[in-house]
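User: Could you take a close look at one helix in this model for me, and then show me how the rest of the chain fits around that picture? I work at the bench, so plain language is welcome.

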Amino acid sequence: MIGALGLFIGLCYLPTWLRFLLLQIPHNGSGSFTLAVCLTLIGIAKLWQQRHSLAAIHPPEVDRWLGYGLITVGILLFPLYRFALWSQALLWLLILSGLAISRWGIPFFYQWPGISWAFALSVYPNPGHIAGFLWRTLLPTQILESAMAWVTATVLRAIGQPVTISGSLILFPHHNVEVGWGCNGFDMALAMIGVSLLFGFYLRFSSYRTFQLIWLGVTLAFFVNIPRLVVMTLAAVYWSKDAFDFWHGPLGGQIFVAGLLGGYYHMVLRLSDR
């Protein structure tokens, strides 16, 4: 009965999770959207794969009651804190943990860490927001934007453009272009992390080989972001506003995403043949 009530809370949270997940797409959050979806799919698929092993588990009574306690706390607090996304996500994570402990015991979390992490990292529908907050809190201000501005300016100088840089600003004689957070490649890197995890799961790669995929995907994401920034900078300085809006918008961005995914898929196939 308690477990069924916990699942009901999950159904109450699901529309909110889906709404905030879909709202990310038009706001430079497609990478976070991709990461959240991939993590959810991996968690569900891994749980289904292990369904027979998990069905045979009989947790000790103390674990069962601990799980019931966590579920009860989550159920009681959810109506009081349902007006904030982060609080709903935390309470749903508490309920999910209680469900897992009451059904499979505490050893579940270290015996199947992939399932645990996949669900834990996807209960909040915008993992990119958390990752971005940690990045900007722990690392120097605009370190990635400044690095991207420097690389972009280097490429522009190589093709004859009279540019200098100042932090995240690319300086032309009569025009300045700033590399903002949404253009630093971080979002594309998040998407590639999600895609890499999904490929690693589908191809049954080891953890080490999956880490290779993630490293490859993130590297390609930042590499492809360089010509994207070059084109957008030239559009902002020399071309029309419509041209800049096109390359800065979702349609122009998909051209680079298609190139990124095409090159990545080719490399993944080569890795899978080893």
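**A close look at helix α10**

Analyst: Let's begin with Leu-198, which lies in helix α10. Please keep in mind that this is a predicted model, so every value here is computed from predicted coordinates.

Leu-198 is partly exposed, with a relative accessible area of 30%. Leaving aside residues up to four places away in sequence, Leu-198 touches Cys-38, Leu-41 and Ile-42. Thr-34 belongs in this part of the picture too: 164 residues separate Thr-34 and Leu-198 along the chain, yet their C-alpha atoms are 10 Å apart.

Now stay in the helix and turn to Ser-196. Helix α10 covers residues 186–202, and Ser-196 is found in it. Is Ser-196 buried or exposed? Ser-196 counts as buried because its relative accessibility is 0%, and the cut-off for buried is under 20%. Leu-198, at 30%, is partly exposed.

What does the side chain of Ser-196 reach? One partner is the backbone oxygen of Leu-213, at 3.1 Å. The backbone oxygen of Met-192 is another, lying 2.6 Å from a polar atom of the Ser-196 side chain. If you leave out residues up to four places away in sequence, the residues that Ser-196 touches are Thr-210, Leu-213, Ile-214, Gly-217 and Tyr-264. Leu-213 therefore appears twice for Ser-196, as a residue it touches and as the owner of a backbone oxygen that the serine side chain reaches, with the serine itself buried at 0%.

Next come the aromatic side chains. The structure holds nine aromatic pairs. One of them joins Phe-108 and Phe-109 edge-to-face, with 5.5 Å from centre to centre and 75 degrees between the planes. These two rings belong to a cluster in which ring pairs link Trp-104, Phe-108, Phe-109 and Trp-112. Phe-108 counts as buried, at 4% relative accessibility, whereas Phe-109 counts as partly exposed, at 30%.

Two arginines also sit over aromatic rings. Arg-136 lies over the face of Trp-181, 4.2 Å from the ring centre. Arg-209 does so over Phe-205, at 5.4 Å from the ring centre.

You may also wonder about cysteines. How many disulfides does a search of the whole structure find? The search finds zero. Among the cysteines, Cys-12 is partly exposed, with a relative accessible area of 36%, while Cys-183 counts as buried at 11%.

Pro-113 offers another point of reference, placed in helix α7, which covers residues 113–122. Pro-113 is partly exposed, with a relative accessible area of 38%. From Pro-113 to Val-257 there are 144 residues in sequence and 31 Å in space, C-alpha to C-alpha.

Finally, let's step back to the whole chain. Its secondary structure comes to 13 helices and three strands. The C-alpha trace spans about 75 × 50 × 30 Å along its principal axes. Of the 274 residues in the chain, 39% are buried. Among contacts between residues at least 6 apart in sequence, 71% join residues at least 24 apart. The accessible surface of the chain comes to about 15,200 Å², and carbon and sulfur atoms account for 71% of that surface.

Note on methods. Residues are numbered from 1 along each chain as its sequence is written. This is a predicted model: local features need pLDDT of at least 70, side-chain atom pairs count only at pLDDT 80 or more; totals for chains, interfaces and linings use all residues. Side-chain values use heavy atoms; hydrogens and water are left out. Rings of Phe, Tyr and Trp (its six-membered ring) pair if their centres lie within 6.5 Å; planes under 30 degrees apart count as stacked, over 60 as edge-to-face and the rest as tilted. Buried means under 20% relative accessible area, exposed over 50%, partly exposed in between (1.4 Å probe, protein chains only). A charge sits over a ring if NZ of Lys or CZ of Arg is within 6 Å of the ring centre and within 35 degrees of the ring normal. Helices (H or I, at least four residues) and strands (E, at least two) are DSSP runs, numbered from the N terminus. A polar contact is a pair of N or O atoms within 3.5 Å; within protein, one must be able to donate a hydrogen and the other to accept it, and residues adjacent in sequence count only if both atoms are side-chain atoms. Contact means heavy atoms within 4.5 Å. A disulfide is a pair of cysteine sulfur atoms within 2.5 Å. Accessible areas come from the Shrake-Rupley method with a 1.4 Å probe; for residues, only the protein chains shown count as cover.
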